[in-house]
Amino acid sequence: MYTQALDSLGKDCLPGGSADSAALEARFQARVDADEKIEPKDWMPDAYRQTLIRQISQHAHSEIVGMLPEGNWITRAPTLRRKAVLIAKVQDEGGHGMYLYSAAETLGISREQMIEQLLAGTAKYSSIFNYPTLTWADIGAVGWLVDGAAIMNQIPICRCSYGPYARAMVRICKEESFHQRQGFEIMLALARGTPEQHQMAQDALNRWWWPSIMMFGPSDTESKHTAQSMRWKIKRFTNDELRQKFIDITAPQAEFLGLRIPDAQLRKEEGSEHYHFGTIDWSEFQAVLKGNGPCNRERLEARRSAHDDGRWVREAAAAHAEKQRARTAKAA
């Protein structure tokens with residue numbers, strides 16, 4: 001197991017006192033500054049370890065909870081092809097969650113602990129998944145906007161200073177790029193379809209636009225973790241930098257689709273590749289984070305029910321594994 005033989009000197013309080021701690025932290029930061037990867041058994045400040053646990057577990061929870069709004073449409077996809085693609089996508093998201101739980105386990109936390117935190121409501125996941133998917137166009141908007149925002153966030157993590165997280169993100173980002181294309185293709189088909197289908201696509205964009213740009217987190221002036229995470233090279237760009245990149249890329253895509261982004265202030269800045277955009281309603285973001293979004297309770301209840309329903313499978317697997325260990329021991 002990765003959690004065995006972790007360097008216990010990752011704690012901030014070291015037997016040798018503050019001088020030893022300062023020397024170790026200086027050496028650690030020098031490695032980060034040199035773009036060396038930090039591996040599970042390397043010394044790391046406890047604050048670095050805890051920051052990674054918080055971020056990676058939240059990321060894993062988001063992948064798992066994110067299966068719910070799309071899984072809701074598997075039985076109602078309009079064609080067999082759409083159904084097959086959506087099943088594959090939801091399966092991918094489950095796999096991403098497993099990669100990320102495994103990466104977090106290398107930091108000394110168990111998967112069981114992380115799942116218990118999610119089910120107890122003490123661990124966060126992306127606020128975007130607390131919105132409902134009301135029509136088939138929402139599946140397109142989720143792929144185009146939500147996965148598009150996720151890719152913008154996640155590609156820099158491929159260069160994260162923590163090795164297991166960076167390596168997990170390489171495959172995840174490749175798969176997410178297909179998810180984004182799938183969503184855009186759905187939106188394109190609808191936008192170029194009947195007037196009713198075009199309106200369905202526009203309505204989905206109207207509802208998902210602002211929650212999608214909130215996915216990048218609070219503005220830099222309000223973010224508690226950005227500065228330190230960038231110093232440790234867990235993050236490579238600030239929240240506002242990533243949000244601006246996403247809008248600069250997505251606004252022309254909406255124009256190509258013939259759809260209107262629901263922001264009266266959105267305009268391309270003269271002599272620049274950047275778009276000016278309107279004020280974000282952060283009160284909505286905070287309300288969803290506090291558990292008052294449209295689907296917060298529904299999402300957690302679905303995960304708790306699935307966890308309870310699958311208990312017998314976990315118990316049977318554990319019993320089988322124990323039986324195999326006993327047979328092996330007896331044979332030896």
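The paragraphs below walk through confidence, one helix, charged pairs, cysteines and a few notable loop residues in a predicted model.

The structure is a prediction, so local features are taken at pLDDT of at least 70 and side-chain atom pairs at pLDDT 80 or more, while totals for chains, interfaces and linings use all residues. Residues are numbered from 1 along each chain as its sequence is written, and side-chain values rest on heavy atoms, with hydrogens and water left out.

Confidence comes first. The predictor's confidence in each residue, pLDDT, runs from 0 to 100. Its mean over the protein is 92, and 94% of the residues reach 70 or more. Helices and strands are DSSP runs (H or I over at least four residues for a helix, E over at least two for a strand), numbered from the N terminus. Among the elements, helix α8 (residues 195-214) has the highest mean pLDDT, 98, and helix α1 (residues 18-33) the lowest, 91. Over residues 1-15 the pLDDT stays under 50. For that stretch the model has 36 contacts beyond four places in sequence, a contact being heavy atoms within 4.5 Å.

Helix α11 (residues 282-292) offers a clear view of burial. A residue is called buried under 20% relative accessible area, exposed over 50%, and partly exposed in between, using a 1.4 Å probe and protein chains only. The buried residues of α11 are Phe285, Val288 and Gly291. These residues cover an arc of only 160° around the axis, which puts them on the same side of α11; the arc is that of the directions from the helix axis to the C-beta atoms. Helices α8 and α12 are included in what covers them. On the face turned away from this buried side sit the exposed residues Ser283 and Lys290.

Charged pairs come next. Side chains of opposite charge can pair when their charged atoms come close. With a salt bridge taken as a side-chain nitrogen of Lys or Arg within 4 Å of a carboxyl oxygen of Asp or Glu, the structure holds 17 of them. One of these joins arginine 207 to aspartate 138, with the closest N and O atoms 2.6 Å apart. Arginine 207 lies in helix α8 and aspartate 138 in helix α6 (residues 136-154), so the pair ties together parts that are 69 residues apart in sequence. Aspartate 138 is buried, at 0% relative accessible area, whereas arginine 207 is partly exposed, at 25%.

Two further pairs can be described. Lysine 268 forms a salt bridge with glutamate 273, the closest N and O atoms being 3.7 Å apart. Here lysine 268 is partly exposed at 44% relative accessibility, and glutamate 273 is exposed at 62%. Within helix α13, arginine 325 and glutamate 322 lie three residues apart, about one turn of the helix. Their closest N and O atoms are 2.8 Å apart, and the two form a salt bridge. Salt bridges that share partners also join Arg31, Glu36 and Asp42 into one network.

Which residue is buried yet has no salt bridge? Glutamate 63 fits that description, and the nearest side chain of opposite charge, lysine 89, is 9.1 Å away. In this comparison Lys and Arg count as positive and Asp and Glu as negative, with His and the chain ends not counted. Glutamate 63 is placed in helix α2 (residues 46-65). Beyond its neighbours within four places in sequence, glutamate 63 has contacts that include Glu93, His96, Gln154 and Glu176.

The cysteines can be summarised briefly. A disulfide is counted when a pair of cysteine sulfur atoms lies within 2.5 Å, and by this rule the count comes to zero. The sulfur of cysteine 173 is the nearest cysteine sulfur to cysteine 158, at 3.9 Å, and cysteine 158 is in no disulfide. Cysteine 158 is partly exposed at 24% relative accessibility, and cysteine 173 is buried at 8%.

Finally, some loop residues deserve a look. Aspartate 35 has a phi near 65°, a positive value in a residue other than glycine. This aspartate 35 sits in the loop between α1 and α2 and is partly exposed at 45% relative accessible area. Lysine 233, also not a glycine, has a positive phi of about 60°. Its place is the loop between α9 (226-231) and α10 (239-257), and lysine 233 is buried at 17% relative accessibility. Glycine 310 occupies the loop between α12 (296-309) and α13 (311-331) and is buried, with a relative accessible area of 17%.
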